[in-house]
Each structure stands twice: as C-alpha cells, then as structure tokens.
Amino acid sequence: MSEEGAAAGGAAGEGGAGDVEEFVLETAPFDPRFPNQNQTKHCYTSFLDHKRCVKARGEEFAACDYFRRVYTSLCPNAWVAKWEEQIQAGTFPGNI
Amino acid sequence: GFQNASSPLMEQLIFFHDHTLTILILIISIVGFNLFSTMHNTNIDQHMMESQGLELFWTIIPSFILIFIGLPSIRLLYLLDEVYNPAITIKTIGHQWYWSYEYSDFINLEFDSYMIPSNEMKMNMFRLIDVDNRMMVPLNSQVRTLITAADVLHSWTVPSMGIKADAVPGRLNQVNFYTNRPG
C-alpha cells in the first residue's frame, strides 16, 4: 500500500533553525537505449560502464560518478553486493 | 467498478471505461428491445425479403460507433506509453512473504514491509492490506518503480493508479506513475 507524503520541498538535514531548504529530487534520467519496461540491462550496463570507466581513468575521474549514481539508483543492493563479491573473487562474468 | 483514481492516467482509464460501457449498454438495450419485441410479435410480412437501404444503414452506423470508441482508445494507449524523466526511483523487491523497498538516490534507505496479521490489527487499519512500514511516495512527482523479486515470482500492484507488474527474479520491471492525490 503506498502512501504519499509531503511535497518535494523539505528540510535537508537542518536542525532546529526552522529554515526549509529547497530540495530537488534527481534520479537516473530516461535512457533512450532502454525505453521499454525491462530495465535489467540498464542497471547492468551502468555497472559495467562505471567499472570500465574507473579502470580506464581512475577512481578520481569525476565523470565516472554519473554511472555510479545511475547504477546505485537502479540496481537492487543485493545485486550490486553480489557483483562486487564476484569482482573481488575474480569470478565476475562481465568484461571489465 | 474501479477504486477511485490516484493518478491522472488512471482517471483517463476510468473515463474511457465509462465511455465505452455507456455505448455498450445503449447498443445492448436497443438490440435487446428489438429482439424481445420481434419474438412477441405475431404479425408477419411475407413479402419483406431484403432492403439495401436498411442494411446500408446498419452497417454505416456501427462503423461510426467503432470509430467513436477507437479514437479515445488509441489516444489512451499512446498516453500510457509516454516517456518521462522521473523525480525519484524506488526499488521494490518481493520476498516470501514480504516486500522490501530501497530508496537509493541519495541515502541508501532500505526497509522491509510486512503485512499486519489480523490478530494484531487495530480498528482503523485495512485488514490484510495494511503493513508495518508503508512505502512513502512524494506528492506531485513522477515516480519510477523498479520491481523485482528475490526468490519466486510475485506481482506488485496499486489498483487506484492502474499499475500492475510482475516481480521476476533477475529482471527489473519499470513502472512510471504520477502522484497527484495523497492517500
């Protein structure tokens, strides 16, 4: 059962000051490569893209962060944890 | 009937349903009346064989009726497939026998949502539907929900928004909806 809460303006971590900051909701945008209902590939491709980007450009490269945010928003945490474990163990089936 | 709509698409679906059902009831009552009155009418005209005019009439009129039904239908069909940029993504994961929700856009918020059993229920709760932690959704926002399952096939639905999608392990089904009513 879903219940709608307050509108998208809310205190983002403010204490007792009484100020309300404007908080903009942002998430992974529409990707025309994956227009249909099945978003599995979208999640997996973003994960791969992030790992390849980090491998090619290093951890600190700012543009890789886009892929990281997309796969964090889209992929269930259980899947990400499993893939990370596989990468650590060297058994990840994808091509990084 | 349907539950009251909580999203603009569901409102459109309900309007279309009412529009089509009205036409159907009109047609069925006209035809039913003709049938009934013919059955109980003992006057027979033995010279009445065919009539081009009448047949033309009752071919053209239904084609207009069908166009009248079909145009809103096509419009709604394409409306349902519109492309959106959502404001928030919520992952819905089905387990046996509860749902867990993940809100990962900013902070990684995860929680499980169990049904409240009837013996623990209070009088102001929905029996068999109410849960301990409800999935909260921002108002006046486009929401994207990605539905999957951890073990077996499940199905996730919100009837008042006209949403239903299967939760398949290993697959992420995306459902978009716009919230315009609280509740």
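**View 1. How two helices of chain A pack in this predicted model.** Axes here are lines fitted to C-alpha atoms, for helices over the stretch in contact, and angles run from 0 to 180 degrees between N-to-C directions. With that in hand, look at helix α1 (residues 40-57) and helix α3 (residues 77-89) of chain A: their axes lie 12 Å apart and meet at an angle of about 40°. Angles under 35 degrees would count as roughly parallel, so α1(A) is oblique to α3(A). The crossing of α1(A) past α3(A) is right-handed.

**View 2. The residues between α1(A) and α3(A).** Which residues make the contact? From α1(A) come A:T40, A:C43, A:Y44, A:F47 and A:K51. Their partners on α3(A) are A:W79, A:V80, A:W83, A:E84 and A:I87. Sorted by character, the residues of this contact comprise 7 nonpolar, 1 polar and 2 charged.

**View 3. Where to trust chain A, and where to take care.** The average pLDDT of chain A is 79, and 79% of its residues score at least 70. Helix α3(A), already met above, has the highest confidence in the chain, with a mean of 93. At the other end of the scale is strand β1 (residues 2-4) of chain A, where the mean is 43. Over residues 1-17 of chain A, pLDDT stays under 50, although the model has 41 contacts beyond four places in sequence for them. Where pLDDT is low, the predicted coordinates should not be read in detail.

**View 4. Two annotated spans of chain B.** An unreviewed UniProt entry lists residues 1-84 of chain B as "domain: Cytochrome oxidase subunit II transmembrane region profile". In the model this span is 73% helix and 0% strand, and its end C-alpha atoms lie 29 Å apart. Residues 85-183 of chain B carry the UniProt annotation "domain: Cytochrome oxidase subunit II copper A binding", also from an unreviewed entry. Here the make-up is 0% helix and 46% strand, with 23 Å between the end C-alpha atoms.

**View 5. Two backbone details in loops of chain B.** Where does B:W97 sit? Its place is in the loop between β1 (88-95) and β2 (98-103) of chain B. The peptide bond leading from B:Q96 to B:W97 is cis, and its omega is near 10°. Move on to the loop between β3 (109-113) and β4 (135-137) of chain B, and you will find B:L128. Phi of B:L128 is near 65°, a positive value in a residue other than glycine.

Notes:
Residues are numbered from 1 along each chain as its sequence is written. Chains are lettered from A and ligands numbered from 1 in the order in which they are written. This is a predicted model: local features need pLDDT of at least 70, side-chain atom pairs count only at pLDDT 80 or more; totals for chains, interfaces and linings use all residues. Side-chain values use heavy atoms; hydrogens and water are left out. Helices (H or I, at least four residues) and strands (E, at least two) are DSSP runs, numbered from the N terminus. Angles under 35 degrees count as roughly parallel, over 145 as roughly antiparallel, 65 to 115 as roughly perpendicular and the rest as oblique. A crossing is left-handed if the near helix is turned anticlockwise from the far one by less than a right angle, and right-handed if clockwise. Contact means heavy atoms within 4.5 Å. Ala, Val, Leu, Ile, Met, Phe, Trp, Tyr, Cys and Pro count as nonpolar, Asp, Glu, Lys and Arg as charged, and the others, Gly among them, as polar. UniProt positions are given in the numbering used here, feature names are shortened, and annotations may be inferred rather than shown by experiment. pLDDT is the predictor's confidence in each residue, from 0 to 100.
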